[in-house]
Amino acid sequence: MKIIRLENTGFDFTSLREEEVDKLVEFDSDSGVLKVHTLQSPQRIPFGSAQPDLIGQFVGQKLSDKAVRIVHNSPVLNAYSAPFKIYLDITLACSLQCPFCLSEAGRGLKTFLPVATIEKLAAEIQKLGVMYIKIGGGDPFLHPDFEIIVNLLRSAGCFLTISTNSAVVTPQTVDLLANAKIRTSVSIEGMEVVNDSLRGSGHFQKALIALETLKEGGVNVLLRTTLLRQNLDNVPELVELARSRGVKIKFSYCRPAGGAVHNQTMLSPQDSPRYLKVLGYLNSPKVLPYVLMDEGMMFNQPAEVLQKLLRGRMCGAANRSMHIDANGKVSPCVFFGPTFSFGKIYQDGTIRDFWQGKVGNKFQTVRAIRQPRECDNCSRLCKNECPANRFYFWGNYDQQDPNCLYEATRKSGSSTT
């Protein structure tokens, strides 16, 4: 299924008329590939009356095929018209109790998002043209209706991603992941000693067995590591592990949420020298073919990323993405914490209601957060891409994220070019 969304991202009641389209978002739900076409005046096309033949000229194909769906939602001030991505936690059940868990799952929690809620989500997701769903938890595989949930969301036209802690990987699960083309991350947090100190004795070997099982089953699989204070020194070995297993490894830095805050596992300003050294290694030409990273960690950021951003904001919270937890609570981003988690989906409002600000003002509040002034003249795209980090460390949004690559290189006298 191909989805094409018509967007009016310049809509601010003055500069761009509401009926004009300035971006076409082209998305393939099988591959997860997203392209954004920017339309400059006089190329812009009428918003409500856009014809398939006209749109087809911009995306380079005829759109008469029934497998192409054109979506045009009402514009939203300072945001795309609907989320590109929803982070959807379907359960808090988990067999592990990792000290850095962002949702603090496990610990006897048996919360499951009801299938009836997923059915409503799938219907609205399809209508709005939401493109990506990151299924999270807890351990999503422990949801008793996991297969039903996957089928509902795929039928809605979404590309699905999921992470597994490797505790429950059955042949049925492998077949489901492969058939639904779900990109699956096997989580490890270091080499064996470090990983097992964080995730529990024996987990490292279970993860490697799960990786091979998923690969053999035809699943689109990779390794995934959250950069923590405990595992920075393991990064070269982890890259070699991924290379030897014939998969890529995705690195992300830990954000301020859940157990990562309480248990001092997330990177702090004092870790900046070690963090910068790791980034230097990950960005080296010999390593880049084997790794994936958050865009803010890249020395040379892909030019096409800029097309996808809304007004230069790397942080997607409230402008490209939102979060729904296993209790149905809605927030612009899980990393902002409980202060920004408000209202329940379909009890207090729909996705559209929350997104458009008809329920509460949290999304508008996040959209109004300004980047630090030091970022105004920075050539990098990240713009201190995690406001939650800024607020956690400094108590305000005015100072730079301690993980800011530009700031780290400035202080060390290094260069990212």
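# Exercises: rings, helices and loops

K362 lies over the face of F340, 5.9 Å from the ring centre. A charge counts as sitting over a ring when NZ of Lys or CZ of Arg is within 6 Å of the ring centre and within 35 degrees of the ring normal.

Before we go on: this is a predicted model, in which local features need pLDDT of at least 70 and side-chain atom pairs count only at pLDDT 80 or more, while totals for chains, interfaces and linings use all residues. Residues are numbered from 1 along each chain as its sequence is written, and side-chain values use heavy atoms, with hydrogens and water left out.

## Exercise 1: Rings

Find the ring under the charged end of R367, then look for its aromatic partners.

*Step 1.* The charged end of R367 is placed over the ring of W355, 5.0 Å from the centre.

*Step 2.* W355 belongs to one aromatic cluster with F342, F354 and F363. For pairs, the rings of Phe, Tyr and Trp (its six-membered ring) must have centres within 6.5 Å; planes under 30 degrees apart are stacked, over 60 edge-to-face, and the rest tilted.

*Step 3.* The structure contains twelve aromatic pairs. In one of them, Y253 and Y275 have ring centres 6.0 Å apart and planes at 90°, so this pair is edge-to-face.

*Step 4.* Distant parts of the chain meet here: Y253 is in strand 12 (residues 249-253) and Y275 in helix 9 (residues 272-282), 22 residues apart. Helices (H or I, at least four residues) and strands (E, at least two) are DSSP runs numbered from the N terminus.

*Step 5.* Y253 and Y275 are both buried. Buried means under 20% relative accessible area, exposed over 50%, and partly exposed in between, with a 1.4 Å probe and protein chains only.

## Exercise 2: Two helices with a buried side

Describe helix 6 from its span to its surroundings, then do the buried residues of helix 3.

*Step 1.* Helix 6 (residues 203-216) has 14 residues and spans 20 Å between its first and last C-alpha, close to the 20 Å expected. The expected span is 1.5 Å times one less than the number of residues.

*Step 2.* Its buried residues are H203, F204, A207, L208, A210, L211 and L214. They share one side of helix 6, because their arc around the axis is only 160°. The arc is taken from the directions from the helix axis to the C-beta atoms.

*Step 3.* A reminder helps: an α-helix has 3.6 residues a turn, so residues three or four places apart point the same way.

*Step 4.* On the other side of helix 6, I209 and E216 are exposed.

*Step 5.* Elements covering the buried residues of helix 6 include strand 9 (159-164), helix 4 (171-179) and helix 7 (235-245).

*Step 6.* Just after helix 6, G218 has a positive phi of about 80°.

*Step 7.* Now helix 3 (residues 146-155): F146, I149, V150, L153 and R154 are buried. Their arc is only 125° around the axis, which means that they lie on the same side of helix 3. The cover here includes helix 2 (115-128), strand 8 (132-136), strand 9 and helix 4.

*Step 8.* G157 follows helix 3 and also has a positive phi, near 95°.

## Exercise 3: Cysteines

Count the disulfides, then examine C315.

*Step 1.* With a disulfide defined as a pair of cysteine sulfur atoms within 2.5 Å, the count is zero.

*Step 2.* C315 is in no disulfide: the nearest cysteine sulfur belongs to C333, 6.2 Å away.

*Step 3.* C315 is buried at 12% relative accessible area, and C158 is buried at 0%.

## Exercise 4: Loops and a strand

Place A67, G337 and S321 in the fold.

*Step 1.* A67 is in the loop between helix 1 (52-59) and strand 6 (68-71), partly exposed at 35%. Leaving out residues up to four places away in sequence, A67 touches M1 and K2; contact means heavy atoms within 4.5 Å. The C-alpha atoms of A67 and K2 are 6.2 Å apart, although 65 residues separate them along the chain.

*Step 2.* G337 is in the loop between strand 15 (329-331) and strand 16 (342-344), partly exposed at 21%. C-alpha to C-alpha, G337 is 6.4 Å from A257, 80 residues away in sequence.

*Step 3.* S321 lies in strand 14 (residues 321-324) and is buried at 11%. Beyond four places in sequence, its contacts include P83, Y87 and W355.
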